[in-house]
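Here is a short briefing on aromatic rings and the company they keep. Have the sequence and the 3D view open as you read.

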Amino acid sequence: MTVHGHTRVDNYYWLNQRENPEVLEYLKAENAYQEAMMKHTEPLQNQLFKEITGRIKQNDMSVPVKHHGYWYYTRYEEGMEYPLYCRCPVISSEVEKSSNNGNNRMITKNKDFSIPLCSSRNDEQILLNGYEMSKGYTFFDVGGYSISPDNTLIAYSIDTVSRRQYQIFVKEIATGKMFPEVIQNTSGNMVWANDNKTIFYSVKDESLRPFRIMRHEIGTDPADDIEVYREDDATFCAFVSKTKSEKYILIILESTLTSEIRYIDADNPKDEFKVVQKRQHDLLYGVGHYGDCFYILTNADGAKNYKLMRTPVNATGKEHWKEVIAHRDDVLIEDFDLFSEFMVIEERSKGLVNLRVMSWDGKKDYYINFGEPAYTVETSANPEFDTHLLRYIYTSMTTPASVYQYDMMAKTAELLKRQEIVGGFEPSDYVTERLYATAKDGVQVPISLVYKKGLVKNGDNPLVLFGYGSYGNSVDAYFSTARLSMLDRGFVWAIAHIRGGEEMGRWWYDDGKLLKKKNTFTDFIACAEYLVKQGLTNSKKMFAMGGSAGGLLVGAVANMAPQLFKGIIAQVPFVDVVTTMLDDTIPLTTGEYDEWGNPNEKEYYDYILSYSPYDNVEAKEYPAMLVTTGLHDSQVQYWEPAKWVAKLRELKTDDNPLYLRTEMDFGHGGASGRFEPYHEVAMEYAFMLDLLEK
């Protein structure tokens, strides 16, 4: 392959043939090799799988969310891989007192709301039975569902191939009657107009890019659906949404650096969509609606960390925007939510998310206190507008996911549900810390870590260092029930908050992409070296782990600093960066030129080539590696990790294990279901534990 006068030879390009029987046999042979070489770990894998799944409560239920007179929730029954999607009508406290016979319904009273806590309800409606719907499929995923404004119909999407190409179905809730139409090849999201008979949805092109927005009338042939928008710029994706006020339907057009939003009144679905603000390069914005105004979160006019603006709905151009919350150099505004009396702002400062509550009358402006050194928090489902109760989800590396209801008037929080760990779990048995490593250019890189209390920092502990560092996605300190199996075996688990994410603000992202991408890799290396210096581990007991773009990370690090790690786990790794970014028929390519650079331009070609893991494999010693992929992966094509492993086998000079595991029925997210994905987790854990014995 010759580009810019430079020729590369790819000896394994032939693996890019998904339907070729020889390719399939090759992948199966690699699987057979991995299974044979790890067969002695099968008892350990089974033990780990039983440990991990044994901590999961079998009969479980989400915290119900109130919307349009119903409580919506999911629940699992014993042994179910997939949930039941349910609802039941909201009943007032007064009615409940007279109707409750002691067994039918359990209610917790909190001022003006009631939450059903048990699943044995005579009036429960099962909207979707995931358990029954999944039968006969090796993969099954509900992309989403939407209830018509009059509460009578449900539109939902499913993927049974794992290519993220969803079919949309419509059903009458009361009778279960299915409408005849099936809408193919969608992104999985859809919204209802307020007429209860029109839905809008997005269709994907041959590269799986959502590019057309269609209008469908229930009961008609999808072939007759009306195209209301087509996005011809291959760097943009198109989705549909609805404002929380349910007043407007939005078409959201997004690329990495630029966005554009169009809108219509949800009462008039046949209206022509209007533009909020015409796209401008490097102008990003999102829209919410309250009263007579759109509220706009934007990076306009150099607001790198974003600011919040307001504009009348009848004058939406940028020239009409008025500032509500100013830009700050040290605080990133990530999101906002609007209520009748309050506005809630998600802000990130010093790597941690804070929730700021502001009343419209200006009398209240404060932050909710969480009190741990490393944690993650996000607003949960809050569809109700006229309420002073805020739902949020809080977790840390020692705190299971916890749903709180916060009274914005009284400033009090009530725990509604904490993830139950079957068999018992005591947070005080574990310690979480926040450390900072110094990068090669002097930047301080945060590290969140957790370990079992009593661990001695003598430099002899096994440690997993996890990282991602791309797309501005922040990897916060979060709880994992599966991880307990490793912590209880003496492991330290660390998350490197490297550049390329947004943990420290938008500039943190900008410093880890395009022609600064190598900062992501050198930050990770600096974190590894620092953890060794702090006596937490050593190079004979440290493992690197990352998936997708995080697989690119650990792949690049394997070339740059292989001596630091005992082993590397690369999950669905994006490792053939140059070839992929030169192929605009592959999903994600055109939309990511602003992330990696366009190698059709020589400057970016040369830079990407200098770190692309596949192109930089050398004849030298590498750590042990476990590489996973899925045949139907729509994000990172299976042939990238397959070719990478083949080239490593050809060139590496060590005898360390190198395994490729291809899931023949799955895609980018791996196996579907509640328990099945933990087979792969158990395999990864066993891989590391086995290496420590060698």
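In this predicted model, the charged end of lysine 647 sits over the ring of tyrosine 614, at 4.8 Å from the ring centre. A similar arrangement involves lysine 411, whose charged end lies over the ring of tyrosine 366, 4.4 Å from its centre. Tyrosine 366 also brings us to the ring-to-ring contacts, since Tyr366 is part of an aromatic cluster.

**The aromatic cluster**
- Tyr366 shares one cluster with Phe370, Tyr375, Tyr392, Tyr394, Tyr404 and Tyr406.

**Neighbouring tryptophans**
- Counting ring pairs with centres within 6.5 Å, the model holds 35 aromatic pairs.
- Tryptophan 507 and tryptophan 508 are edge-to-face because their planes stand at 85 degrees, with ring centres 5.2 Å apart; the cut-off for that label is over 60 degrees.
- How buried or exposed are these two residues? Tryptophan 507 is partly exposed, at a relative accessible area of 34%, while tryptophan 508 is buried, at 0%.

**A pair linking a loop and a helix**
- Phenylalanine 574 and tryptophan 596 have ring centres 5.4 Å apart and planes at 65 degrees, so this pair is edge-to-face too.
- Phenylalanine 574 belongs to the loop between strand 38 (567-571) and helix 9 (577-581), and tryptophan 596 to helix 10 (residues 593-596), so their pairing ties together parts that are 22 residues apart in sequence.
- Both phenylalanine 574 and tryptophan 596 are buried.

Note on methods:
Residues numbered from 1 in each chain as written. Predicted model: local features only at pLDDT ≥ 70, side-chain atom pairs only at ≥ 80, totals over all residues. Heavy atoms only, no water. Phe/Tyr/Trp six-rings, centres within 6.5 Å; stacked < 30°, edge-to-face > 60°. Buried < 20%, exposed > 50% of the residue type's maximum accessible area, 1.4 Å probe, protein only. Helix = DSSP H or I, 4+ residues; strand = E, 2+ residues; numbered from the N terminus. Lys NZ or Arg CZ within 6 Å of the ring centre and 35° of its normal.
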